[in-house]
Protein chains: 2
Amino acid sequence: MGRPPMEKRSRVPEPTISRLATYFRCLAELQDQQVAVVSSEEIAFRAGVKASQFRKDLSYFGEFGVQGLGYPVPHLLRRVSSILQLDQAHKVALLGAGNLGTALAGFPGFSRWGFQILWIFDASPAKVGQSINQIVVESSSALPRPLGADLGILAVPTQAAREAAQLLVDSGVTALLNFTGAHLHLGPQVTVRNVDLTHELAVLAYHATQLQKAVDP
Amino acid sequence: MGRPPMEKRSRVPEPTISRLATYFRCLAELQDQQVAVVSSEEIAFRAGVKASQFRKDLSYFGEFGVQGLGYPVPHLLRRVSSILQLDQAHKVALLGAGNLGTALAGFPGFSRWGFQILWIFDASPAKVGQSINQIVVESSSALPRPLGADLGILAVPTQAAREAAQLLVDSGVTALLNFTGAHLHLGPQVTVRNVDLTHELAVLAYHATQLQKAVDP
DNA sequence: TAGATTGTTAATCGATTAACAATC
DNA sequence: TAGATTGTTAATCGATTAACAATC
């Protein structure tokens with residue numbers, strides 16, 4: 001019955017997904033502030049985008065607003081978190097218990113958004129058996145094995161990246177957050193997001209001097 | 001004299017800068033492997049882009065190749081690192097000496113690319129005076145003061161982000177790597193790169209289920 | 001010279017934005 | 001109803017890619 005013409009589900013652009021995560025954060029804030037309804041103008045401003053961008057982004061997933069009024073915050077928040085799957089917990093496997101891995105294991109933002117690190121693996125015997133955040137570090141040699149993990153985080157040294165990534169994939173992980181500088185080619189079955197710190201700093205280094213040039217001639 | 005028609009320096013697209021950092025890494029690898037000359041086809045393949053993309057990206061900065069031959073690796077590496085300012089050291093100020101900040105302070109990738117963390121600040125008296133990687137943690141209340149830092153890294157709790165960012169800006173930092181989830185509006189004088197871990201995980205969560213849907217109907 | 005590969009132009013593609021009819 | 005704001009279409013913008021003349 002009145003179901004809207006599905007298969008408007010044309011391919012969703014990647015930038016739209018990324019912005020959806022931003023909208024989610026804004027909506028959570030509005031919810032906290034007990035705001036009942038928000039206009040596209042207002043939320044777009046908070047998210048740092050154009051109002052038409054916001055409406056267009058939502059339009060890939062359906063209709064969520066009331067003409068002449070705006071968007072009911074609780075309802076939209078529920079819908080966006082459902083789209084991003086943030087309405088359910090996600091089991092995360094972490095590879096690498098060095099400085100970075102340890103920091104990530106304790107990162108408060110993760111649990112707040114429903115991401116639970118349930119496994120930590122490390123290649124070094126010195127690390128294996130230690131507890132980090134109530135999780136006992138296992139040996140990497142215990143992989144691959146079926147984990148039932150939704151996401152994987154790669155925080156091993158760059159040289160170990162390829163092998164470690166493959167262990168996760170062979171353990172059934174289909175989405176990977178990669179902190180090693182390495183480029184991973186894992187096929188279309190696996191989504192990879194790269195966080196490359198030196199890459200970011202290189203881009204900043206370029207801009208820092210560009211800005212200085214703009215100041216002194 | 002024979003200087004090529006400058007002011008081809010039209011605005012350089014942001015994605016180009018980001019890819020330049022990738023090319024830099026590839027070139028460093030080729031250099032290590034003693035490769036003397038590389039074609040756009042070969043290096044583009046390694047960087048995961050189209051050959052024409054690579055050539056177009058370079059064209060914003062000049063001509064670096066030899067027709068019929070390819071690009072001399074050592075020369076191109078020098079030029080790219082000069083464009084990205086990676087041929088000189090960068091002084092970095094770090095705000096936040098928690099788990100993440102501490103991990104970043106010890107990150108081996110930074111020093112290898114010429115980024116030197118020279119200052120660490122933290123608000124907590126418990127942290128002040130401690131040494132991390134041979135650097136004594138100073139109190140945030142010692143800021144703002146002119147640092148002569150090129151880059152800043154923000155690794156404080158999200159709630160402290162805005163204030164901490166302003167301290168760095170008031171200390172003369174014009175380029176900022178922001179690990180807090182907060183959106184910073186610091187004006188056009190300051191470049192900000194955001195690394196938002198929960199944001200990345202949210203995008204991955206979406207893709208992970210998309211992929212599962214693709215497998216089971 | 002013949003073959004290869006660059007640098008650049010023009011065509012294509014996709015994402016952003018403005019505009020507006022639909023409608024609460 | 002009049003005013004406001006959505007959802008969507010069409011126009012704009014910018015980035016990617018293909019094609020090719022220049023030239024080593």
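What span should the 19 residues of helix 1 of chain A have, and how far apart are its end C-alpha atoms? In this predicted model, helix 1 covers residues 14–32 of chain A. At 1.5 Å a residue, the helix should span 27 Å, and its end C-alpha atoms are 28 Å apart, which agrees. The expected span is 1.5 Å times one less than the number of residues, so the count that enters the product is one less than 19.

Many positions along this helix are buried, among them Thr16(A), Ile17(A), Arg19(A), Leu20(A), Tyr23(A), Phe24(A), Leu27(A) and Leu30(A). An α-helix has 3.6 residues a turn, so residues three or four places apart point the same way. After the helix comes Gln34(A), whose phi is positive, near 65°.

Helix 1 of chain A also leads to the nucleic acid. Together with helix 3 (51–59) of chain A and helix 3 (51–59) of chain B, helix 1 of chain A supplies at least two residues of the surface near DNA strand C. Helix 3 of chain A gives the most, with 4 residues. In total, 27 residues surround the strand, and Arg19(A), Ser40(B), Arg55(B), Gly65(B) and Tyr71(B) are the closest. By type, this surface divides into 7 nonpolar, 11 polar and 9 charged residues.

On the DNA side, 63% of the strand C atoms within 4 Å of the protein belong to sugar or phosphate, and the rest belong to bases. Individual atom pairs involve both parts. A phosphate oxygen of DNA strand C lies 2.8 Å from a polar backbone atom of Gly65(B). For the bases, an N or O atom in the side chain of Arg55(B) is 2.8 Å from a base nitrogen, and a backbone N or O atom of Gln67(A) is 3.4 Å from a base oxygen.

Another part of chain A involves Gln85(A) and His90(A). Gln85(A) sits in the loop between helix 4 (73–83) and strand 3 (90–95), while His90(A) is in strand 3. Gln85(A) has a relative accessible area of 12% and His90(A) one of 4%, so both fall under the 20% cut-off and count as buried. The side chain of His90(A) reaches the backbone oxygen of Gln85(A) at 2.7 Å. The side chain of Gln85(A) in turn makes a polar contact of 3.3 Å with that of Gln88(A).

Both residues also touch chain B. The contacts of Gln85(A) include Ala205(B), Tyr206(B) and Thr209(B), and those of His90(A) include Ala205(B). Within chain A, His90(A) is in contact with residues including Gly114(A), Phe115(A), Gln116(A), Asp150(A) and Leu151(A).

Key. Residues numbered from 1 in each chain as written. Chains lettered and ligands numbered in written order. Predicted model: local features only at pLDDT ≥ 70, side-chain atom pairs only at ≥ 80, totals over all residues. Heavy atoms only, no water. Buried < 20%, exposed > 50% of the residue type's maximum accessible area, 1.4 Å probe, protein only. Near = heavy atom within 4 Å. Polar contact = N/O pair within 3.5 Å; in protein donor to acceptor, adjacent residues only side chain to side chain. Nonpolar A, V, L, I, M, F, W, Y, C, P; charged D, E, K, R; others polar. Contact = heavy atoms within 4.5 Å.
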